[in-house]
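This report covers cysteines, backbone geometry and one strand pairing. The sequence and structure come next.

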Amino acid sequence: MSLPYEKQKIGKAKALRKNTTPQERRLWFQFLREYSPRFQRQKTIEGYIVDFYCHHAKLVVELDGSQHYMPQEMEYDEKRSACLEKYGLKILRFSNEDVNRRFQSVCQAIHQEVCKRTAASNRRTI
C-alpha cells in the first residue's frame, strides 16, 4: 500500500535531506543507510515529512531537538503521530541527546523494533 503525500512537500523534503542535523547525519551514515530492510530519509507522508521511514516494517524514526519539548510542539507531535498511526505505522522517537550519548542503544532499539514488526507482518501473511 502506498502512503498518501502532498506533492508540494517533496521540494522541502529534498532540502531537508541536504541540510540534516548532525544527529540525523550520524544515524543515517553510521547505521540506517546500509540497513536492511531499507530506510528512506525525509519521507513525505500525508502532510508531514518524517525523518526516517522503513516501508517493510511500517516504522517511522524521529529525532527530536529541544524545540520538540515545548508544549505547543508536543501537541503538534501528538497530532502528527495520531495521523501516522492511522496507517498502521509505529513511531519511534529519540532525542538528539540520545543519539549523541547512547548511539548504540538507539541503533539497537531501532533494530529490535524492525525485527518485531517484520516478524509480526510475516506471521500475518502465512
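Why is the sulfur of C115 in no bond with the closest cysteine sulfur? The closest one belongs to C54 and lies 10 Å from the sulfur of C115, which is too far for a bond. A disulfide here is a pair of cysteine sulfur atoms within 2.5 Å.

This is a predicted model, in which local features need pLDDT of at least 70 and side-chain atom pairs count only at pLDDT 80 or more, while totals for chains, interfaces and linings use all residues. Residues are numbered from 1 along each chain as its sequence is written, and side-chain values use heavy atoms, with hydrogens and water left out.

**Cysteines**

The structure holds zero disulfides. C107 is in none, and its nearest cysteine sulfur, that of C115, is 13 Å away. The surroundings of these cysteines can be described by relative accessible area, where buried means under 20%, exposed means over 50%, and partly exposed is in between (1.4 Å probe, protein chains only). C107 counts as buried, at 5%. C115, in contrast, is partly exposed, with a relative accessible area of 37%.

The table lists relative accessible areas for the two cysteines and for two residues discussed below.

| Residue | Relative accessible area | Class |
|---|---|---|
| C107 | 5% | buried |
| C115 | 37% | partly exposed |
| Q42 | 4% | buried |
| E46 | 22% | partly exposed |

**Backbone geometry**

Helices (H or I, at least four residues) and strands (E, at least two) are DSSP runs, numbered from the N terminus. S36 and P37 are joined by a cis peptide bond with omega about 10°. P37 sits in the loop that runs between α2 (22-30) and β1 (40-45).

Q42 is not a glycine, yet its phi is positive, at about 45°. Q42 is placed in strand β1 and is buried, at 4% relative accessibility.

E46, also a residue other than glycine, has a positive phi near 50°. E46 belongs to the loop between β1 and β2 (48-54). With a relative accessible area of 22%, E46 is partly exposed.

**The β1 and β2 hairpin**

Two strands pair if DSSP finds at least two bridges between them. β1 and β2 do so in the antiparallel sense, over five bridges. One of the bridge partners is I49 in β2, which is matched with T44. The hairpin of β1 and β2 has two residues between the strands, and the positive phi of E46, near 50°, occurs in this hairpin.
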